[in-house]
Amino acid sequence: MERVDVAIVGGGPAGTSAAHAAASQGADALVLERGVPRADREGLGPDSTDAAGILDYWVDIMGIHPDEMPDGVVQNVLDRAEFRGRTNSCSLRSTGIDASYDAFGYTFNRARFDDFLRSRAEDAGAHYRTQASVKGVETDLHGSPRHTLALANGEAVGADYLMLCDGPQRTVTLGVLDEYLPNSMLASERLSPPTANHIAYQEYRKFPEEVYEQVQDAIVFWWGLMPGHTAYPWVFPNQDRVCRVGLTMPIGMDIDDVAEREKYDLLRPEDERIPQGATYIERLLEREYGDAYELADFPLVENAGKSNGTETYPISSTRPVESPVGAGIAVCGGAMGTTSAFHEGGDHLAVRTGAIAGRLAANGELHRYNDEWRAAIGDELLRNVALAEMAEGYGPDDWDNVFSAGEKMLAEGMSSEMLSQKLGAGLSGLRLIGRYRLTRYRNRRRYVQLTEDEYSY
């Protein structure tokens, strides 16, 4: 049986960051990645997707400045985020959070980003293995090694520390966590897809020059055009007039359960079921640009994304989970719930949690992991949880009211955590701020849904 100090399940940003940190501290770290093909990647890699991008303060959370990345990773430098409803909109040109990065943010090529993180880990001495699917984990807390990972090819890997970085689908994580939880609280029931996930779909399309000029410096989101809690379409600019047009939506929503469906601009009276992602995107492009352009003016870029210019992927809509560190196990990145259907993406959080876990494991201090990630990213996670809860149940009219209040707050010079107390925002703005603060305060001790004290060893 092969033996290593730290075994890492999953080769995405969390896994490669854990490997880099562990190897940098002298540990023997091995990344086990199932490996999937992508049209825009030469070799096998993680089942990843191009994310929205990185905001200014996310650079500091992640701990990697874009200047450290090879050419081609960063696509466009951003100066704003646009939020659009049915009738109202607002543009955010500052997050209001102190950051070392000068611009508002940037978009990036996820496949190249993954390759950069892999090379960084390998340069530090870690090993990265593809076509290495983990089928199960056996643990003997008094044995050596403590963890034995069974691979699909029949091989086994033993490790003293186990990093679970297998993304929001949690293919391996759920079974491992179940071993430390009573039957009434199983992680496989509380965190399992599809009920705990949203689905996201996006297409790479070449935009007409005039339209691209309008969005090349911005990430654009629409709210209240399609039904579902935290369901929204977006446009993210890449280089050479290529944009990612996508959306996130709940899994298994019944159109008969949609209230006031006539208010959702991307639904049609003849719809007998919730439309597929591709249909939503066609309707979005028609709604926004149909007066001047045809769909053929936005052709798919077939050599981009996972396959034929498209990609589909899960996004966790659960709250974060703590890890059974007493068993020498850390759950990192999307597997621990750092991605969310509300804010989309979480690469900055995946990198940071992986780096913390890898460093602590290499130094025999993994018992500190839950405390350290809380200190490092707890405010960000609390913000995401509070905003998602606050928006639950919002319909088109609610989003228009939010953007109307937001536009007034921005006009008054908004600052501080993207929500301010400017009196010029009026009563609606004050109510918005008050609700956010109350929701955040209410969640300050319960934004984690699975805590360390629930595990038994």
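The following exchange concerns a predicted model and the grounds for several terms applied to its packing and its sheet.

Reader: What makes the 107 residues a nonpolar core?

Author: A nonpolar core is a set of buried residues of listed types, such as Met and Tyr, joined through side-chain atoms within 4.5 Å. In the largest such set, of 107 residues, Met163 and Tyr369 touch the most other members. Helix 9 (residues 369-391) gives the largest share of this core, 9 residues. Another core, of 28 residues, lies apart from it and includes Cys243, Leu247, Ile255 and Leu267.

Reader: Which residues does Tyr369 touch, not counting residues up to four places away in sequence?

Author: With that exclusion, Tyr369 touches Ser323, Val325, Ala330, Val331, Cys332, Met336, Thr353, Ile356, Ala357 and Leu360.

Reader: Why is the crossing of helix 1 and helix 8 called right-handed or left-handed?

Author: A crossing is right-handed if the near helix is turned clockwise from the far one by less than a right angle. The axes of helix 1 (residues 13-24) and helix 8 (residues 347-362) cross at roughly 35° and come within 7 Å; their crossing is right-handed. The residues of this contact comprise 9 nonpolar, 3 polar and 2 charged.

Reader: What makes strand 6 and strand 16 edges of the sheet?

Author: The order of the 7 strands in this open, mixed sheet is 6-5-13-14-15-12-16. Strand 6 (89-92) and strand 16 (310-316) each have a single partner strand, so one side of each lacks a neighbour in the sheet.

Reader: How do you know that strand 5 and strand 6 pair?

Author: Pairing requires at least two bridges, and 4 bridges join strand 5 (residues 80-84) to strand 6; therefore the two strands pair. They run antiparallel, and Arg84 has Ser89 in strand 6 as its bridge partner.

Note on methods
Residues are numbered from 1 along each chain as its sequence is written. This is a predicted model: local features need pLDDT of at least 70, side-chain atom pairs count only at pLDDT 80 or more; totals for chains, interfaces and linings use all residues. Side-chain values use heavy atoms; hydrogens and water are left out. Buried means under 20% relative accessible area, exposed over 50%, partly exposed in between (1.4 Å probe, protein chains only). Contact means heavy atoms within 4.5 Å. Axes are lines fitted to C-alpha atoms, for helices over the stretch in contact, and angles run from 0 to 180 degrees between N-to-C directions. Ala, Val, Leu, Ile, Met, Phe, Trp, Tyr, Cys and Pro count as nonpolar, Asp, Glu, Lys and Arg as charged, and the others, Gly among them, as polar.
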